Amino acid sequence: MNKKLVKKVKRSFKEQFITKPLVVFSPGRINLIGEHTDYNDGFAFPAAINKGIALSISKSYTKISTACALNKNEIYNFNTEIIKPLKDGGWRNYMLGVVAQLQLLGKQVGNFNAVFAGNIPGGAGMSSSAALENSFVFGLNELFNLGLTKHEMILVSQKAEHNFAGVKCGIMDQYASMFGLKKSALLLDCRTIESQPYKIDFKDYKWMLINTNVKHDLSESEYNDRRQVCERVSGLLHLNALRDASKEDIDRIKSNISDGDYQKALYVINENHRVKQFSEAIKNGDIEALGNLLYQSHEGLSTKYKVSCKELDFLVDRAKENPNVLGSRMMGGGFGGCTINLVKKDAFKTFKKEVSKKFKAAFEYDCSVYSVKLSRGTQIIKNKKI
Ligand code: GLA
């Protein structure tokens, strides 16, 4: 939770709507390993972070809903009885998508007033969209007594993204944002949608995110294209998902599929193994192994799955040159956004300085560096907390 953000949103809400709102905080996420595995019913290892979206919301009692995106200084008026996706709707579509999905479930969503703001850098692969969807579904569920469980809520958020933002995402982002735990990452089985928490404390090492500031837009067809490739290959194998495939399986059909499709399927199979190896390495306290798995993951994402970009590859290469960095890889959907790096605590500042300088020299603009805390998932912020 971020107190400053919550205060800002509460204050602005009271100025505009005079009443006391319900306040929700919904975090973004990082993912330690297990990329593009979620929509293959596979495994991922995400954690909610201390950056997120704060939302103030109350019933409106009129035929008009008003939503205000403080960061953008934008206001949108609508009526929950008439909901459809907007062309280039941005944040509006995530919110409207949640309302539409709740209605499809037969839930009565009355009109409401909302103010929200966030501190997750957009397009950075840190799930600002999942945080936004979850904040609205959580707030509306509470406000209108809809009686949804957290599992039901994240499915609403995911469908909102599919149908109103056009991204056929998996469940990892919404899950991590909703179920995150302090100081822990979640070994998530995306088939059962259940997770096991792992306390994350690597003593001398900590996580560093480096944002290329190349904004990815997952609604661009590339993300959906990768999902289609995976479904095509698992379909040919008569399997429900690539989670059930082995290398031997895809070798058998190698001559029936393109080399590109073969490599992508192989990446998914390998990445699923890596997630399990990663969880074992945590249990064994084998920090070197963790780092190597991160590098292997990036190699696969870049050369086989082909979702990296030159700026991300550059950052991973610089990490490899520095003995104080144990591992690094691109994080999230790809095509831009952040790398996640496992860096020695006492070398954090020097690596930050060094990599920022080299990035600027290579691309003539700045990258951004963040450290994050692993934090609790979506929650209502009680008045006395702020
Ligand atoms: C995006 C999607 C997730 C997941 C990741 C890649 O963040 O929203 O569902 O597929 O990309 O691991």
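Glu35 and Arg329 meet in a salt bridge, with their closest N and O atoms 2.7 Å apart. The model you are looking at is predicted, and this pair is a good place to begin exploring it. Glu35 sits in the loop between β1 and β2, while Arg329 belongs to strand β10 (residues 325-330), so follow the chain for 294 residues to get from one partner to the other. Are these two residues buried or exposed? Both Glu35 and Arg329 are buried.

## Two domains and their contact

Now step back to the whole chain. It is divided into domain 1, made of 3-198 + 374-385, and domain 2, made of 202-370. The contact between them takes 35 residues from domain 1 and 44 residues from domain 2. If you mark the C-alpha centres of domain 1 and domain 2, you will find them 26 Å apart.

How can we describe such a contact with a number? The size of an interface is often given as the accessible area lost when the parts come together. For domain 1 and domain 2, the buried area is about 3200 Å², and carbon and sulfur atoms give 63% of it.

Charged and polar groups can be counted here too. Three salt bridges are found across the interface of domain 1 and domain 2, along with 20 residue pairs in polar contact. On the side of domain 1 that touches domain 2, at least two residues each come from β1 (22-31), β2 (43-44), α4 (150-165) and β7 (184-189). Which of these elements gives the most? That is β1, with three residues.

## More salt bridges

In total, the structure holds 21 salt bridges. Here are three of the pairs, including the one we began with.

| Pair | Closest N to O distance |
|---|---|
| Glu35 and Arg329 | 2.7 Å |
| Arg191 and Asp41 | 3.1 Å |
| Arg232 and Asp261 | 2.7 Å |

Take the Arg191 and Asp41 pair. Arg191 lies in the loop between β7 and β8 and Asp41 in the loop between β1 and β2, so this salt bridge ties together parts that are 150 residues apart in sequence. Arg191 counts as partly exposed, because its relative accessibility is 33%. Asp41 also falls in the partly exposed class, at 22%.

The Arg232 and Asp261 pair joins two helices: Arg232 is in α6 (residues 221-236) and Asp261 is in α8 (residues 259-284), so parts 29 residues apart in sequence are tied together. Arg232 is partly exposed at 43% relative accessibility, whereas Asp261 is buried at 11%.

Salt bridges can also link up into a group. Arg318, Glu321, Glu354 and Lys358 form such a network.

## Strands side by side

Strands of a sheet pair through backbone hydrogen bonds, either parallel or antiparallel. You can find both kinds of pairing around β6 (residues 112-118). Strand β3 (residues 46-59) runs antiparallel to β6 and is joined to it by seven bridges; in this pairing, Ile57 has Ala114 as its bridge partner. Strand β4 (residues 65-69) pairs with β6 in the parallel sense over four bridges, and here Thr66 stands opposite Asn113. Why is β6 described as largely enclosed by the rest of the structure? Because six of its seven residues are buried.

Another sheet is open and has three strands, in the order β2-β7-β8, with antiparallel pairing. The edges are taken by β2 and β8 (194-199), each with a single partner strand, so one side of each has no neighbour in the sheet. Between β7 and β8 there are six bridges, and one of the pairs facing each other is Leu187 and Gln196 of β8.

## Two buried residues in helices

Phe13 is found in helix α1 (residues 3-17). Its relative accessibility is 0%, so Phe13 counts as buried. Among the residues Phe13 touches beyond its sequence neighbours are Ile57, Asn113 and Ala114, names you have just met in the strands. The C-alpha atoms of Phe13 and Leu70 are 10.0 Å apart, with their positions 57 residues apart along the chain.

His298 belongs to helix α9 (residues 287-304). With a relative accessible area of 5%, His298 is buried as well. Its contacts beyond four places in sequence include Ser308, Leu312, Ser328 and Arg329. That brings us back to Arg329, the salt-bridge partner of Glu35.

Note on methods:
Residues are numbered from 1 along each chain as its sequence is written. This is a predicted model: local features need pLDDT of at least 70, side-chain atom pairs count only at pLDDT 80 or more; totals for chains, interfaces and linings use all residues. Side-chain values use heavy atoms; hydrogens and water are left out. Buried means under 20% relative accessible area, exposed over 50%, partly exposed in between (1.4 Å probe, protein chains only). Two strands pair if DSSP finds at least two bridges between them. Domain bounds come from an automatic or database domain assignment. Contact means heavy atoms within 4.5 Å. Buried area is the accessible area (1.4 Å probe) that two parts lose on being put together, summed over both. A salt bridge is a side-chain nitrogen of Lys or Arg within 4 Å of a carboxyl oxygen of Asp or Glu. A polar contact is a pair of N or O atoms within 3.5 Å; within protein, one must be able to donate a hydrogen and the other to accept it, and residues adjacent in sequence count only if both atoms are side-chain atoms.
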